[in-house]
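Me: I am new to this structure and would like to learn how to read it. Please take me through its features one at a time.

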Amino acid sequence: MGYAGSRTRPAGHDAHGRWSAGPGPGRGQLAVPAAAPVVAGASGDAKLAVKRFVHMCVEVLNGHRPAAHLRRVSLPAEAAEVVAQGLAGARRVAEMRRPRRPGDGRPHRPSPVAVLRVNLCEPRRGAVEVAVALVTGERTWAMAFRLEFHHDAWCATTLRLI
């Protein structure tokens, strides 16, 4: 609050800007605990890692990159599942792009998968959880994943396409 260095304080506030009803606790007053530090959001490193991973996933879904490329950005114990989810998503997109019957009238150039919105949360230092809204054609769907910082690199630990 900035009252620590000033000579005048609002009535009822101590030197640290906290509410105080008197000289100290113990005479019927309540001690007010210090507020938890406010976190402004995910770190810059986490945001950059999320941006790169989302871009890579969109390339996989659009067929411009093989799903196996997700293995090198995944935690080794979880890599098979992350790659499997990427492959399943790419197959689903390919299936949606196929005409269902001859002469369907769909455009020859299918619309690519695009990112609508990215929401991220860093529940603890070194871990970030992300929800991404995707669109292709008239269909909207979601992707959720978690990245963790291990050995100087951000690695995917889980990936789900919904």
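**Reading the fold**

Reply: Let us begin with one strand pair: strand S2 (residues 127-136) and strand S3 (residues 139-150) run antiparallel and are joined by 10 bridges. Two strands pair if DSSP finds at least two bridges between them. Within this pair, valine 128 stands opposite leucine 147 in S3.

Me: On what basis should I take these statements?

Reply: This is a predicted model, in which local features need pLDDT of at least 70 and side-chain atom pairs count only at pLDDT 80 or more, while totals for chains, interfaces and linings use all residues. Residues are numbered from 1 along each chain as its sequence is written, and side-chain values use heavy atoms, with hydrogens and water left out.

Me: How many helices and strands are there in the chain?

Reply: Helices (H or I, at least four residues) and strands (E, at least two) are DSSP runs, numbered from the N terminus. The chain has two helices and four strands, and along the sequence the pattern reads α-α-β-β-β-β.

Me: In what order do the strands form the sheet?

Reply: The four strands make an open sheet in the order S1-S2-S3-S4, with antiparallel pairing. Its edge strands, S1 (114-124) and S4 (153-161), each pair on one side only. Neighbouring strands of the sheet are turned by 20° against each other on average, direction ignored.

Me: Which strands does each helix lie across?

Reply: Axes are lines fitted to C-alpha atoms, for helices over the stretch in contact (heavy atoms within 4.5 Å); angles run from 0 to 180 degrees between N-to-C directions. Helix H1 (residues 44-61) lies across S1, S2, S3 and S4, at about 135° to S3. Helix H2 (residues 79-97) lies across S2, S3 and S4, at about 45° to S4.

Me: Why are nonpolar side chains buried together?

Reply: In soluble globular proteins, nonpolar side chains tend to be buried together. A nonpolar core is a set of buried Ala, Val, Leu, Ile, Met, Phe, Trp, Tyr and Cys residues joined through side-chain atoms within 4.5 Å; buried means under 20% relative accessible area, with a 1.4 Å probe and protein chains only. Here the largest core has 32 residues, and among those touching the most other members are Phe53, Leu134 and Phe145. H1 supplies the largest share of this core, 10 residues.

Me: Leaving aside neighbours within four places in sequence, what is phenylalanine 53 in contact with?

Reply: Phenylalanine 53 is in contact with Leu70, Val73, Val82, Phe145, Leu147, Ala156 and Leu159.

Technical notes. Buried < 20%, exposed > 50% of the residue type's maximum accessible area, 1.4 Å probe, protein only.
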